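Visitor: I should like a close look at a single part of this structure, followed by an account of its surroundings. Please keep the description formal and connected.

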Amino acid sequence: DNQHTATFLMTDGDNLQWILNTFPSSRFWWNSSARGSVPLGWTISPALHLIACPVESYLRRTATRNDSFVAAPS
């Protein structure tokens, strides 16, 4: 009962221009060598599946055990 849970969430995934531009390849974001070292939720737009299915597939295929996807509120 004396326990707290913290969640870490990257919340700019509803910005499709960013997701479709430098996000997947940037060493500061998805392509970081540190990604996966801690559990982290990544917001992505539900529309990504319709607009850019190959990008969504790439993110899912390259996700680590510590990467989770959360539907962005947009």
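Which backbone nitrogen does the side chain of S32 reach, and at what distance?

Guide: The model is a predicted one. In this model, the side chain of S32 reaches the backbone nitrogen of A34, and the separation is 3.1 Å. This pair qualifies as a polar contact because the cut-off for two N or O atoms is 3.5 Å. S32 itself is located in the loop that connects α1, residues 16-19, with β2. When residues up to four places away in sequence are set aside, S32 touches S26 and R27.

The loop between α1 and β2 also holds L20. The relative accessible area of L20 is 41%, so this residue is classed as partly exposed, given that the partly exposed class lies between 20% and 50%. Together with L50 and I51, L20 makes a nonpolar surface patch of about 340 Å².

On the helix side of the loop, L16 is found in α1. Apart from its neighbours within four places in sequence, L16 is in contact with S45, L48 and I51. I51 thus appears twice in this account, as a contact of L16 and as a member of the patch with L20 and L50. A further link from L16 concerns A47: the two residues are 31 positions apart along the chain, yet 8.7 Å separates their C-alpha atoms.

At the other end of the loop comes β2, which spans residues 40-44. Four of the five residues of β2 are buried, and the strand is accordingly described as mostly covered. The open sheet to which β2 belongs has three strands in the order β1-β2-β3, with parallel pairing. Its edge strands are β1, residues 9-10, and β3, residues 67-71, each of which pairs on one side only.

The pairing can be followed residue by residue. Between β1 and β2 there are two bridges in the parallel sense. L9 stands opposite G41 of β2, while M10 has W42 of β2 as its bridge partner. Towards the other edge strand, β2 is joined to β3 by five bridges, again with a parallel course. Here G41 stands opposite S68 of β3. G41 therefore faces L9 as well as S68, because strands on both sides pair with β2 through bridges found by DSSP.

These details belong to a protein with three helices and three strands. Along the sequence, the elements follow the pattern β-α-β-α-α-β. The C-alpha atoms fill a box of roughly 45 × 30 × 20 Å, taken along the principal axes. Of the 74 residues in the protein, 28% are buried. The accessible surface amounts to about 5300 Å², and carbon and sulfur atoms account for 53% of that surface. As for contacts between residues at least 6 apart in sequence, 72% join residues at least 24 apart.

Conventions: Residues are numbered from 1 along each chain as its sequence is written. This is a predicted model: local features need pLDDT of at least 70, side-chain atom pairs count only at pLDDT 80 or more; totals for chains, interfaces and linings use all residues. Side-chain values use heavy atoms; hydrogens and water are left out. A polar contact is a pair of N or O atoms within 3.5 Å; within protein, one must be able to donate a hydrogen and the other to accept it, and residues adjacent in sequence count only if both atoms are side-chain atoms. Contact means heavy atoms within 4.5 Å. Buried means under 20% relative accessible area, exposed over 50%, partly exposed in between (1.4 Å probe, protein chains only). Patches are made of residues with over 30% relative accessible area and no salt bridge: like charges are joined within 9 Å, nonpolar side chains (Val, Leu, Ile, Met, Phe, Trp, Tyr) within 5 Å. Accessible areas come from the Shrake-Rupley method with a 1.4 Å probe; for residues, only the protein chains shown count as cover. A salt bridge is a side-chain nitrogen of Lys or Arg within 4 Å of a carboxyl oxygen of Asp or Glu.
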